[in-house]
Protein chains: 2
Amino acid sequence: MVANKSLIFKRVHETPTVAGQDIAVESREFDLDQELSNGSILVEVLYVSFDPYMKGRMVEKPVMGPYELDQPIPNTALARILRSKNESFPTGEIVRGDFPISRYAVATAEKLQSGFAHLIQNPLNFPLDTFLAALGMPGLAAYASFYEIGKPKKGETFYVSAAAGAVGHVVGQLAKREGLRVIGSVGSDEKANFLLKELGFDAVFNYKKEKVDEGLARLAPDGIDIFYDNVGGETLDAALLRMNPYGRIIACGAISQYSRVQGPYSGYGVTNIFNITVKRVTMTGYIVSDPNIGPKYGAEHMVNLSKWIAEGSFKSKSTIVDGIDNSADGFVGMFYGQNIGKAVVKI
Amino acid sequence: MVANKSLIFKRVHETPTVAGQDIAVESREFDLDQELSNGSILVEVLYVSFDPYMKGRMVEKPVMGPYELDQPIPNTALARILRSKNESFPTGEIVRGDFPISRYAVATAEKLQSGFAHLIQNPLNFPLDTFLAALGMPGLAAYASFYEIGKPKKGETFYVSAAAGAVGHVVGQLAKREGLRVIGSVGSDEKANFLLKELGFDAVFNYKKEKVDEGLARLAPDGIDIFYDNVGGETLDAALLRMNPYGRIIACGAISQYSRVQGPYSGYGVTNIFNITVKRVTMTGYIVSDPNIGPKYGAEHMVNLSKWIAEGSFKSKSTIVDGIDNSADGFVGMFYGQNIGKAVVKI
């Protein structure tokens, strides 16, 4: 038996998550030599992704499946296979899939299948967190939804909220490559500088210093053709007012709303929605696990972004929480804007 | 000189329109023998359409063009040509186009062009109001947006709000023809009966007797695939909660919001919008004057609906306000649900 530190779901809560109370790091016993059932693997978890949507599984009426109380919280992770009874997942390989935020874990054959687990090939020796960032779920989300829903045209104006986030910084770079004028909103000057100087965004405003409506009036005086929304709430409301005819809204996330108390995702009331009618806007929801869109772009996303990252023309950015002991605080910090790029915990 | 009674726009107002105060019937002098410029026609207006969106042109910051103060309010109308200096519009013919709500009017060549005016052919001798209802703008709006945005599939569940309205009663019949399960919401039992007994809707609820959310829970327990929204506000909010994955929302109107006071169309805050993301819903705005959609379906709409109406398998319903003297009250009444089908004033 070894001590297996894990991030445990302690309490269903509508209010902002409190580390040590709603979620907490606890140590449980784990048998490294346990008998494995056929098809199972035993892994050492290396990196786990932190995603804003996870908060939505901690509330009373979750729109997505709820987390299990008093159990480790699972999410997309990279893990090294320590022991295997599954020929597709040999010992020593790195696997990406749904694993608990724990030092060690066992995945059954059934679990491996349902979590779309697969081995990671890394011939170009990218840092492993890249496979949870631009080359991972957020990168695919950005890529697939940008092309499938955004239908970008050169010269159009593109606005992305939470622009320095996991999805935002990827989609902004894609829009730049396609010749669009790229505007982002962020919550700190540090993030604004990162986007302007390192990723070549055309314009960025800090919504903590300037109202979204004012920032957009100043930076997008001719309106918005594509709005990539990761924030929802007031940001969405302000952007609706500025959409151009036939504009497209990619409704990818609503981080401003995940912690609200009036039921799931239903805090802020969006008042400018009639602009969708008047401007003949199309607003389409997207989640990366969508079986109808993701796979269509999966190979293209991986080939293109790998090439661009290797040649230095594209950046995958992560903020890494170091150590599972810091994971509860790191998760909470994500909602206070502490990460640039993808939030990842290194176990 | 003759007396030319007209419905005059008297006052910009955010609050619900008051007849005799915000709009009023007044008599102005009109010269029936006036000299006509080349390309002009002089008409006797027969029927004028009343549409909810008109309220949106009476507010302080109209999203669409504002009406001119102290002038007759224009809208789509049918008129008989009394005199003509335009070969395309001969004396005696019936023309459909933008005319003031007046007994008499002159339309210049320029006006005839910008208003998409055209002669009405009526070989099947339909009542004239049909050309402002199922065979008019609302009918085309319903037809084009239902197919273009709704992408209906047999067996799906279809929900239309303001279902007994000008657009609603047409689109509901189309959905029935395509083999969908059709649910409507209305504001009176008389309307509910009309839809159930005369148009064959599958289910209808009265939102004044049952909350929209409860009505939908009862009548659409398996969710909604296509929501055709003419109401906005709370109705939209309730429907968002019940959308099925990959559902489509046709955002055609928001009659509940046109009279609100917090700026144009921005009264009620829609709180369930994140369901668009989670359910991967597509919500698309539509206005009938859209040059990219209407014309594509114009001929098909006219041929099919004429045939179906003639053979008795499709109904065009109007409520006719009798006489221009009653037009101010008739307009206001539209917002209190007084019409079944298309609201039309017979001059």
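Right after helix α2 of chain B comes Lys151(B), a residue with a positive phi near 45 degrees. This is a predicted model, where local features need pLDDT of at least 70, side-chain atom pairs count only at pLDDT 80 or more, and totals for chains, interfaces and linings use all residues. Residues are numbered from 1 along each chain as its sequence is written, chains are lettered from A and ligands numbered from 1 in the order in which they are written, and side-chain values use heavy atoms, with hydrogens and water left out. Helices (H or I, at least four residues) and strands (E, at least two) are DSSP runs numbered from the N terminus.

**Helix α2 in chain B**
- α2(B) covers residues 137-150, and its 14 residues reach 18 Å from first C-alpha to last, close to the 20 Å expected at 1.5 Å a residue (that is, 1.5 Å times one less than the number of residues).
- Twelve of those 14 residues are buried, so α2(B) is largely enclosed by the rest of the structure (buried means under 20% relative accessible area, exposed over 50%, partly exposed in between, with a 1.4 Å probe and protein chains only).
- Among the buried ones are Pro138(B), Leu140(B), Phe146(B) and Ile149(B).

**α2 against α8 in chain A**
- α2(A) (residues 137-150) and α8(A) (residues 294-311) pack at about 115 degrees, with axes 9 Å apart (axes are lines fitted to C-alpha atoms, for helices over the stretch in contact, and angles run from 0 to 180 degrees between N-to-C directions).
- That makes the pair roughly perpendicular (65 to 115 degrees; under 35 is roughly parallel, over 145 roughly antiparallel, the rest oblique).
- Tyr143(A) and Tyr147(A) are among the α2(A) residues that meet α8(A), whose side includes Tyr297(A) and His301(A) (contact means heavy atoms within 4.5 Å).
- By class, this contact has six nonpolar, five polar and three charged residues (Ala, Val, Leu, Ile, Met, Phe, Trp, Tyr, Cys and Pro are nonpolar, Asp, Glu, Lys and Arg charged, the others, Gly among them, polar).

**α2 against α3 in chain A**
- The axes of α2(A) and α3(A) (residues 168-177) come within 8 Å and cross at roughly 40 degrees, so these two helices are oblique to each other.
- Gly139(A), Ala142(A), Tyr143(A) and Phe146(A) meet Val170(A), Val171(A), Leu174(A) and Ala175(A) here.
- The residues of this contact split into seven nonpolar, one polar and no charged.

**Asp229 in chain A**
- Asp229(A) sits in strand β11 (residues 224-229) and is buried, at 2% relative accessible area.
- Setting aside neighbours within four places in sequence, Asp229(A) touches residues including Ser161(A), Leu236(A) and Cys252(A).
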